[in-house]
Amino acid sequence: MTLLWILCGVLGGALLIRLFVWFNNSCLKLTRRKIKIDGAPKLKIVHLSDLHGKRFGRRNSRLIKKVMKEKPDFIAVTGDIIHLYTPGNKEVALEAVSSLKEVAPLLYIAGNHEMRNKGYRLFRKEVAEAGGIVLDDCAVEICGITVVGLNGASLRNDKIEKITPSVSPKILLAHEPQFFIKYAAAGYDLILCGHAHGGQWRIPFTKIGLFAPGQGKFPKYTAGVHENGKSKMIISRGLGNSEFPLRLFNRPEIITIEIN
């Protein structure tokens, strides 16, 4: 009898651990942000980042359903929708683009995983063919506001100064948040970023993440809203995982941004 109770306890504990891991890595969290931008029209944007080829339900049905309920004016995808080191996930990413663009216009920029891919030019073409609007160091006028997409490689040659239009207000889609000072200096009202994965493991009941690429341990920019002068940066904690396969206290995030 004692052995049976021990066995039940072990199985129950294993089930709870499995449920905890699933909750942290596959249960989507919706975060809503309200932002005031002088001169901007009233807009609703859904911000997604760092899918890394992950599926939430068959054909990403759970992700699509949640985005659809938000009824956005457009969807901003800030990079790393593929995972460079996992075969076959490109199809998942393109499938997601194809479904999401049926909900609202989808603006896409490349992250470091796309940029490291030798087939990036082909992938960029495939995203466009799937219905995404690819912003590769260029701007688009959408819903009455200017949105600029920054190619990650351009951060390292200060191309941001060349591609930034003089119009105002304007939104920047950029993958890496640690360059916030550069983005703000270029005069953007709102910057949307990803890349940091929320610090991967977050200390419970705090806003502290443990590690982010490009920032190291206890990074400054992992999630939430950050301000520098008139510029505001919103960081997505992302949807999928990169080389480190596990999130803790850091659920996959969809962000809805209401402007004005």
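Leu30 stands opposite Ile254 in strand S14. In this predicted model, that pair belongs to the contact between strand S1, residues 29–35, and strand S14, residues 253–259. The two strands run parallel and are joined by seven bridges.

S1 and S14 are part of an open sheet of six strands, whose order is S1-S14-S2-S3-S4-S5 and whose pairing is mixed. The edges are taken by S1 and by S5 (133–134); each has a single partner strand, so one side of each is left without a neighbour in the sheet.

Further into the order, strand S3 (residues 74–78) runs parallel to S4, and four bridges join them. Here Ala76 stands opposite Leu107 in S4. Strand S4 covers residues 106–109, and both of its faces are covered. Leu106 and Tyr108 lie on one side, Leu107 and Ile109 on the other, and all four of these residues are buried.

The next topic is charge pairing. Across the whole structure, a search finds nine salt bridges. One of them is between the side chains of Arg55 and Glu95, with a distance of 3.4 Å from N to O. Arg55 sits in the loop between strand S2 (43–48) and H2, while Glu95 sits in helix H3 (residues 90–100), so this salt bridge ties together parts that are 40 residues apart in sequence. The two partners differ in their exposure: Arg55 is partly exposed at 43% relative accessibility, whereas Glu95, at 14%, counts as buried.

Glu95 has another partner in Arg59, and the closest N and O atoms of that salt bridge are 3.3 Å apart. Arg59 also lies in the loop between S2 and H2, and because Glu95 is in helix H3, the pair ties together parts that are 36 residues apart in sequence. With a relative accessible area of 45%, Arg59 is partly exposed.

A salt bridge is also found between Arg237 and Glu253, where the closest N and O atoms are 3.6 Å apart. Arg237 belongs to the loop between strand S13 (231–235) and S14, and Glu253 belongs to strand S14 itself, so the pair ties together parts that are 16 residues apart in sequence. Both Arg237 and Glu253 are buried. Returning to the loop between S2 and H2, salt bridges that share partners join Arg55, Arg59 and Glu95 into one network.

The surface also carries patches. One is positive and is formed by Arg62, Lys65, Lys66 and Lys69. Of these residues, Lys66 can be placed in helix H2, which spans residues 61–70. Lys66 has a relative accessible area of 35%, which makes this residue partly exposed.

Another surface patch is nonpolar. Its members are Trp201, Ile203, Ile208, Leu210, Phe211, Phe218 and Phe244, and together they have about 630 Å² of accessible area. Phe218 is located in the loop between strand S11 (216–217) and strand S12 (224–228). At 55% relative accessibility this residue counts as exposed, because the cut-off for that class is over 50% relative accessible area. Lys66 in the positive patch, at 35%, is partly exposed.

Definitions and conventions:
Residues are numbered from 1 along each chain as its sequence is written. This is a predicted model: local features need pLDDT of at least 70, side-chain atom pairs count only at pLDDT 80 or more; totals for chains, interfaces and linings use all residues. Side-chain values use heavy atoms; hydrogens and water are left out. Two strands pair if DSSP finds at least two bridges between them. Patches are made of residues with over 30% relative accessible area and no salt bridge: like charges are joined within 9 Å, nonpolar side chains (Val, Leu, Ile, Met, Phe, Trp, Tyr) within 5 Å. Accessible areas come from the Shrake-Rupley method with a 1.4 Å probe; for residues, only the protein chains shown count as cover. A salt bridge is a side-chain nitrogen of Lys or Arg within 4 Å of a carboxyl oxygen of Asp or Glu. Lys and Arg count as positive and Asp and Glu as negative; His and the chain ends are not counted. The place of a charge is taken as NZ of Lys, CZ of Arg, CG of Asp or CD of Glu. Buried means under 20% relative accessible area, exposed over 50%, partly exposed in between (1.4 Å probe, protein chains only).
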